[in-house]
Amino acid sequence: MPGRVRDSEVWESIFRPGSPFRKGYGDSPRNRSYVIMNNVLYHLHPVKVKRHAVRLSYTLCLGGLSFFLFILLTITGIFLMFYYTPASPDAYEDIASLSTSVAFGQLVRNMHRWGAHLMVITVFLHMTRVFYHGAYKPPREFNWVVGVVLLFLTLFLSFTGYLLPWDQLALWAVTVGSNMGGYTPVFGDQVTFVLLGGLQVGAATLLRFYVLHVLAFPFLIVIFMAVHFWRVRKDGGISGPL
């Protein structure tokens, strides 16, 4: 590695003190502690893991599986964004061309579609296990609320993605869903306008759902996931029967 690069301010701003990639790094207990403290994984996993957290069971790692599926959906979603236009009728034609004109297009789309279904199931089962174990009680009540928010965000993420193929099934499914939202007490008309951008499902609805699906909801999920992981660690690790 050229010395001029390692002496630059950019390099030093990327690699914090104690990093093995910093100039002058030496193998000492202090620097080894820095490496551990600066590691991102240190903030995702606790130093100690309780015995019940690693015991093999039917509900083992449902939260981790949900996170893995979110990563899978992000990667496959970015791939699909390169071949998708959120406009009518281009959206339907782009989805149709995935199976004929794009290498591995149909495979990636199916991975995205079934991954979304599995994520809804795993998040719901994860919340069911947490509730069954009584992990909504102190000191985990705040993290339980964060988990409920993540469950709703997952459902909204799945619902907004349902319209993007822009076929008859998607149109009627969103029509039914938006009509149900219209019966919200007091704010029914406002909810319908926010969802549809008009009186019925149209091009404005497709653009709104696309922005919500690829930008707004994933951004919120990442924020709440970070808070969720941090509180899992601060509240004593993975919950067990209380």
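This talk describes the fold of one protein chain, its helices, its cores and a few unusual places in its backbone.

Good morning. Please keep in mind throughout that the structure shown above is a predicted model.

Let me begin with the chain as a whole. The protein chain contains ten helices and zero strands. Read along the sequence, the pattern is therefore simply one α after another, α-α-α-α-α-α-α-α-α-α, where helices are taken as DSSP runs. Of the 242 residues in the protein chain, 31% count as buried. The contacts also tell us how the chain folds back on itself: among those between residues at least 6 apart in sequence, 63% join residues at least 24 apart.

I turn now to helix H6, which covers residues 105-132. Does its length agree with what one would expect of a helix, or disagree? At 1.5 Å a residue, its 28 residues should span 40 Å, and the C-alpha atoms at its two ends are indeed 40 Å apart, so the two values agree.

Which residues of H6 are buried? They are Gly105, Val108, His112, Gly115, Met119, Thr122, Val123, His126, Met127, Arg129 and Val130. Please note that this list includes His112, His126 and Arg129 as well as Val108 and Val123. The buried residues of H6 pack against four helices: H4 (62-81), H5 (90-98), H7 (141-162) and H10 (203-234). After H6 comes Gly134, which has a positive phi near 70 degrees.

Helix H10 deserves a closer look, beginning with its partner H7. The axes of H7 and H10 come within 9 Å of each other and cross at roughly 160 degrees. An angle over 145 degrees counts as roughly antiparallel, so H7 is roughly antiparallel to H10. The crossing of these two helices, H7 and H10, is left-handed.

The second partner is H4. Here the axes of H4 and H10 are 12 Å apart, and the helices pack at an angle of about 155 degrees. By the reasoning just given, H4 is therefore roughly antiparallel to H10. The crossing of H4 and H10 is left-handed. Which residues make the contact? On the H4 side they are Phe67, Phe70 and Met81, and on the H10 side Tyr210, Val214, Pro218, Ile221, Val222, Met225 and Phe229.

While we are on H4, consider Gly77, which is found in that helix. With a relative accessible area of 14%, Gly77 falls under the 20% limit and so counts as buried. Gly77 and His213 are 136 residues apart in sequence, yet their C-alpha atoms are 9.8 Å apart in space.

Next, the nonpolar cores. The largest of them has 19 residues, and those with the most contacts inside it are Tyr84, Leu163, Trp166, Val201 and Leu206. The elements giving two or more residues to this core are H5, H8 (168-182), H9 (188-196) and H10. A second, separate core has 14 residues, including Phe70, Met127, Leu157 and Ile221. We have already met Phe70 and Ile221 in the contact between H4 and H10, and Met127 among the buried residues of H6.

Let us return to Tyr84 in the largest core. What does Tyr84 touch, once its neighbours within four places in sequence are left aside? Tyr84 is in contact with Ala91, Asp94, Ile95, Leu164, Leu206 and Tyr210.

Finally, I would like to point out some features of the backbone. Most residues other than glycine have a negative phi, and most peptide bonds are trans. Against that background, four places in the loops stand out.

Two of them are cis peptide bonds. The bond from Ser88 to Pro89 is cis, with omega near 0 degrees, and Pro89 lies in the loop between H4 and H5. A cis peptide bond also joins Pro138 and Pro139, with omega about 10 degrees; Pro139 lies in the loop between H6 and H7.

The other two are residues with a positive phi. Phe104 is not a glycine, yet its phi is about 60 degrees. Phe104 lies in the loop between H5 and H6. Is this residue, Phe104, buried or exposed? Its relative accessible area is 65%, so Phe104 is exposed. Val186, also not a glycine, has a positive phi of about 70 degrees and lies in the loop between H8 and H9. At 74% relative accessibility, Val186 also counts as exposed.

Thank you for your attention.

Key. Residues numbered from 1 in each chain as written. Predicted model: local features only at pLDDT ≥ 70, side-chain atom pairs only at ≥ 80, totals over all residues. Heavy atoms only, no water. Expected span 1.5 Å × (residues − 1). Buried < 20%, exposed > 50% of the residue type's maximum accessible area, 1.4 Å probe, protein only. Contact = heavy atoms within 4.5 Å. Core = buried A, V, L, I, M, F, W, Y, C linked by side-chain atoms within 4.5 Å. Axes fitted to C-alpha atoms, helices over the stretch in contact; angles between N-to-C directions. Parallel < 35°, antiparallel > 145°, perpendicular 65-115°, else oblique. Left-handed = near helix turned anticlockwise from the far one by under 90°.
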